Amino acid sequence: MEIKLDDAASYLTSDRDGASFIPLGPAARRRFTLADISFIQRRTRTRGNNIWGTLGPWEGDQHIPLKGNLLCSARGSQHSVSEYAGQATLDEIAQVRQGREAFFNRDPDSAVLERYISLEDTQLTAQLRQFTFGEMPYGRLTVFVQSDEGALVYLQRMPRGTGRGKRKLQDADDSHVEYLLPEPTDDDNDCGERDRLNYRVPLYPEPEFELTDEGDALRGLPSSDYKMVIKVLVFKRRNSSSHEVIKRAAARLGLSRHNLLRYLPESSGFVDVGFNRIEPGAKTLLLLHGTFSSTAGTFGDLYEKADFLSSLMAAGHFEQILALDHDTIFVSPEENVSRFDEILCDQQLQKPVRAIGFSRGALVLKQMTMSSHTVNIEHGVTVAGANHVGYFSALRGLKWLLTAMRHLSPPGPTRTFLSTLAQHSDKALDRLEGLRAMDGGSEINQRILQYEDPNSSTTLIPITGAFHPELVTPGWRRITRRSLNAAICVLLATRQHDWVVAVQEQGRAEPLRPMRPPDGLDQPIRGLHTRMVGDQLDNAYLKKALLSEPCSCG
């Protein structure tokens, strides 16, 4: 359906601040009732079927800063298809289903409802060509939900359709998703009382943008090929707090666990073991995976596609290889280490251990050198260490972290969990200690990186990775590379990053004693976060770093 933005009759006015906003749904065709208006303006809690949301200015302005025609769903679709919705939306619908309780998916009446607001026929009233995030005009999208409903909202940059009316996309696979997280609710993220969710929606000047030469602003790129669409997925879920929803999803996806694994060369894989099935007197390599991941997810290429681990054992460098599958969301690195010690029954491994920590695993590695009762780490290698992930300190940066990780992660549990996290506010996510450990301003992070132990003899070689366009050309569309990378450069305040962590932060060794990388190779590897280990990082280089003998950093 079409709404003319220059038609005053299309707007309602808020009693709260006098702002004008547009009702979304059949009510936009001027069939809204006094009951609809009373619900919108919070005079009553009874909602009819004529409205599903509103769109208006974020704050201060009397009208949303758009002109032209707004296209939107009347009621929404329960049967989305890729040639109209885009494959990215079908992927998000599948992830919503995977992330919620199974009994909802078996109920035909609890479908995932897709709604859209297309900005393809609109323009900003004050058109910008160059802008910063601070200058960006915003709209306020309010989505009405029941207490037992959840919502996932995102911007989708997608190809324009062909023909008249409902337009078939030119390329269903060519779209880019940017998550939009809801604002905290008045009931402190408890779903019991809330009846609406608010979203701060950026109104980009163009559907594509790039980084300016100055590096601190963005430039809109006019495009006849792409359009900007706001997508809203609404679905049934259990009525509970954000924390409980996230916790249940993590349990279903196997992300909240602490298991000790041992590598078996004869089977070229890891098996779940306890203390009785390891060798306390063996020379040991320990692997610590990254956020939202697992041993297989982070290090799988080292034994599934290459014989890296088996060759280390065959050459006598290590007599056993262990890995800790651990919770990276809900508990701190200190708690990760404590549970590791419990698995080992507080019985110490007799020989010094070497370790590889990827991303957040670098923080667990460093914490282990300080507080573990069971291992003495003599030398560590960190790959893309998440010593300080700048998205946490940037305003509304977590939506960009989830968006970047979505594009870096293959389909599976990780991407499904990212979709689950994107259904909740920054405030709710900031309460998750496992994630806060990567925030350089958090007390959890500072306890690790500012730990003072003059007797520590553990040495560390940090390996860093940096984005390069050549790495993502195959299978990656121009719109994804350009727009997402431009935003990340501004948010992380550097062009040197791997889409998740700035290079200078990856290279931090404290509180451990740094070692110079072998052969003087101290430049960033061309690599993207989650794709470095076993893929874009040369295994021979990783081996040199791992087997290096302690020396002065000079």
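In the predicted model, the secondary structure of the chain consists of 19 helices and 27 strands. A compact globule of 554 residues would have a radius of gyration near 24 Å, and the value of 25 Å for the chain agrees with this. Along the principal axes, the C-alpha atoms fill a box of roughly 80 × 50 × 40 Å. Buried residues make up 59% of the 554 residues. The accessible surface comes to about 22200 Å², and carbon and sulfur atoms account for 45% of that area. Of the contacts between residues at least 6 apart in sequence, 79% join residues at least 24 apart. The chain carries 65 positive and 70 negative charges, and the mean positions of the two sets are 5 Å apart.

Helix H9 spans residues 333–343, and its buried residues are Pro333, Asn336, Val337, Phe340, Asp341 and Ile343. Viewed down the axis of H9, these residues fall within an arc of 155 degrees, so they line one face of the helix. The general geometry of helices is relevant to such a pattern. An α-helix has 3.6 residues a turn, so residues three or four places apart point the same way. The packing partners of the buried residues of H9 are strands S18 (259–264), S20 (284–288) and S21 (320–325), together with helices H10 (361–371) and H15 (443–449). Just after H9 comes Cys345, with a positive phi of about 55 degrees.

Within H9, Asp341 has a relative accessibility of 2% and therefore counts as buried, the cut-off being under 20%. When neighbours within four places in sequence are set aside, Asp341 is in contact with Asp346, Ser371, Ser372, His373 and Thr374. Ser256 lies 85 residues from Asp341 along the chain, and the C-alpha atoms of the two are separated by 17 Å.

Helix H10, one of the elements against which the buried residues of H9 pack, is mostly covered, with nine of its 11 residues buried. The buried residues of H10 are Gly361, Ala362, Leu363, Val364, Leu365, Lys366, Gln367, Met368 and Met370. Their cover includes helices H9 and H15, as well as strands S20, S22 (353–358), S23 (377–383) and S24 (459–463).

Helix H5, at residues 242–252, has Ser242, Val245, Ile246, Arg248, Ala249 and Ala250 as its buried residues. These pack against three helices, namely H3 (87–99), H12 (413–421) and H13 (426–429). H5 is followed by Gly254, which has a positive phi near 75 degrees.

Strand S24, which is part of the cover of H10, leads to a loop that contains Thr464 and ends at strand S25 (465–466). Thr464 has a relative accessible area of 11% and is buried, because this value is under 20%. Apart from residues up to four places away in sequence, Thr464 touches Val503, Gln506, Gly507, Pro524, Ile525 and Met532. Thr464 and Ala384 are 80 residues apart in sequence, but their C-alpha atoms are 5.0 Å apart in space.

Several loop residues were examined for their backbone geometry. Most residues other than glycine have a negative phi, and most peptide bonds are trans. Ser268, which is not a glycine, has a positive phi near 50 degrees. Ser268 is placed in the loop between S18 and strand S19 (269–273). With a relative accessibility of 39%, Ser268 counts as partly exposed. Phe292 is likewise not a glycine and has a positive phi of about 60 degrees. The loop that holds Phe292 runs between S20 and helix H6 (295–299). At 3% relative accessibility, Phe292 counts as buried. The peptide bond between Glu510 and Pro511 is cis, with omega at about 10 degrees. Pro511 lies in the loop between helix H17 (503–506) and strand S26 (513–514).

How values were computed
Residues numbered from 1 in each chain as written. Predicted model: local features only at pLDDT ≥ 70, side-chain atom pairs only at ≥ 80, totals over all residues. Heavy atoms only, no water. Helix = DSSP H or I, 4+ residues; strand = E, 2+ residues; numbered from the N terminus. Rg over C-alpha atoms; globule rule 2.2 N^0.38 Å. Buried < 20%, exposed > 50% of the residue type's maximum accessible area, 1.4 Å probe, protein only. Contact = heavy atoms within 4.5 Å. Areas by Shrake-Rupley, 256 points an atom, 1.4 Å probe, with all protein chains shown as cover. Lys, Arg positive; Asp, Glu negative; His and termini not counted. Charge placed at Lys NZ, Arg CZ, Asp CG, Glu CD. Arc of directions from axis to C-beta.
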